[in-house]
Amino acid sequence: MSRKILLVEDDAATADFVATGLSEHGFVVDRADNGRDGLFHATDGSYDCVILDRMLPGMDGMAVLGAIRAAGIETPVIILSALGAAEDRVKGLEGGSDDYLTKPFAFAELLARVRLLIRHGQGRSAAAPETRLACDDLEMDLLSRKVRRGGQPIELQPREFRLLEFLLRHAEQVVTRTMLLEGVWDYHFDPGTNVIDVHVSRLRKKIDEGQARPLLHTVRGSGYRLGLDG
């Protein structure tokens, strides 16, 4: 069976070169020339590998990558970019890509890397990607970045969205301050501020105010828990 590749590249010459080469080696290649179309294709979970440019119109490549991973899609991703500084490569890899190849590149190297990623990816879960999180009547759509409670929309700032996503992924569990610092703020030390308290207070006001069943609870001496009380 032919392997399917999604190529997200806005430079027509580069896209033609890569797509032609991959097709000649037996791959089925779908193309997108902007970030939004690339994300739309990537979220159906049917690809064996995604080749993703970083600088894309419509939606930046790193934003596309973040949305793919936030949706629980584990398709191997290789970033293909002219941004080749060490900090750019580190950002790409830490942002969720499996490999990073800088332009200009040799097609033979790209082909070898794609084949390697596909072999490694064969052991990954084939489960359907998770695109929605929920707790009681609180729902989060990871693709549209929308949150609703009881069907009513809730407007969240980016950090509040990330905090709620973390809590939803650990619903009915006690989440410690250390877990939040590492999982939401990427801190591996205690900054000695009340940043968590401030954001939790804001989030609680947005999701629980006026509700008969509060969901965000403080667990004294331990942290926080998202779920129905009792």
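Tutor: In this discussion, helices (H or I, at least four residues) and strands (E, at least two) are DSSP runs, numbered from the N terminus. The model is predicted, so local features are taken only at pLDDT of at least 70 and side-chain atom pairs only at pLDDT 80 or more, while totals for chains, interfaces and linings use all residues. Residues are numbered from 1 along each chain as its sequence is written, and side-chain values use heavy atoms, without hydrogens and water.

Student: In which strand is Ile79 found?

Tutor: Ile79 belongs to a strand that covers residues 77-81. In the numbering from the N terminus, that strand is β4.

Student: Is Ile79 buried or exposed?

Tutor: The classes rest on relative accessible area: under 20% is buried, over 50% is exposed, and values in between are partly exposed (1.4 Å probe, protein chains only). Ile79 has a relative accessible area of 1%. Because that value lies under the 20% limit, Ile79 is buried.

Student: Which residues does Ile79 touch, leaving out those up to four places away in sequence?

Tutor: A contact requires heavy atoms within 4.5 Å. One partner is Ser97, which is 18 residues from Ile79 along the chain, with 6.7 Å between the two C-alpha atoms. The full list for Ile79 is Leu52, Arg54, Met62, Leu65, Gly92, Ser97, Asp99, Tyr100 and Leu101.

Student: What percentage of the contacts between residues at least 6 apart in sequence join residues at least 24 apart?

Tutor: The protein comprises eight helices and 12 strands, and its C-alpha atoms fill a box of roughly 60 × 35 × 35 Å along the principal axes. Of its 230 residues, 42% count as buried. Among the contacts in question, the share that joins residues at least 24 apart is 57%.

Student: Which element gives the most residues to the largest nonpolar core?

Tutor: A nonpolar core is a set of buried Ala, Val, Leu, Ile, Met, Phe, Trp, Tyr and Cys residues joined through side-chain atoms within 4.5 Å. The largest one has 28 residues, and Leu164, Leu180 and Leu226 have the most contacts inside it. Two or more residues come from each of β6 (132-135), β7 (138-141), α6, α7 (177-183), α8 (195-208) and β12 (223-226). With six residues, the element that gives the most is α6.

Student: Which residues does Leu164 touch, not counting those up to four places away in sequence?

Tutor: Leu164 is one of the three residues with the most contacts inside the largest nonpolar core. Another of those three, Leu226, is also among the partners of Leu164. The partners are Leu138, Met140, Val147, Leu156, Leu203 and Leu226.

Student: Where is Pro104 placed?

Tutor: Pro104 follows Lys103 through a cis peptide bond, with omega near -5°. Its place is the loop between β5 (99-102) and α5 (107-121).

Student: What is the phi of Asp136?

Tutor: Asp136 is found in the loop between β6 and β7. Its relative accessible area is 38%, so the residue is partly exposed. Although Asp136 is not a glycine, its phi is positive, at about 55°.

Student: What is the phi of Arg145?

Tutor: Arg145 is found in the loop between β7 and β8 (146-149). Arg145 is partly exposed because its relative accessible area is 44%. This residue is not a glycine either, yet its phi is positive, at about 60°.

Student: What distance separates the C-alpha atoms of Lys205 and Gly66?

Tutor: Lys205 is placed in helix α8 and counts as exposed, at 54% relative accessibility. Along the chain, Lys205 and Gly66 are 139 residues apart. Their C-alpha atoms are separated by 27 Å.

Student: Which residues are in contact with Leu228, leaving aside its neighbours within four places in sequence?

Tutor: Leu228 is found in the segment after β12 and is partly exposed, with a relative accessible area of 35%. Its C-alpha atom lies 49 Å from that of Phe27, which is 201 residues away along the chain. One contact of Leu228 is with Asp136, the residue in the loop between β6 and β7. The contacts of Leu228 are Asp136, Glu172, Arg213, Pro214, Leu215 and His217.
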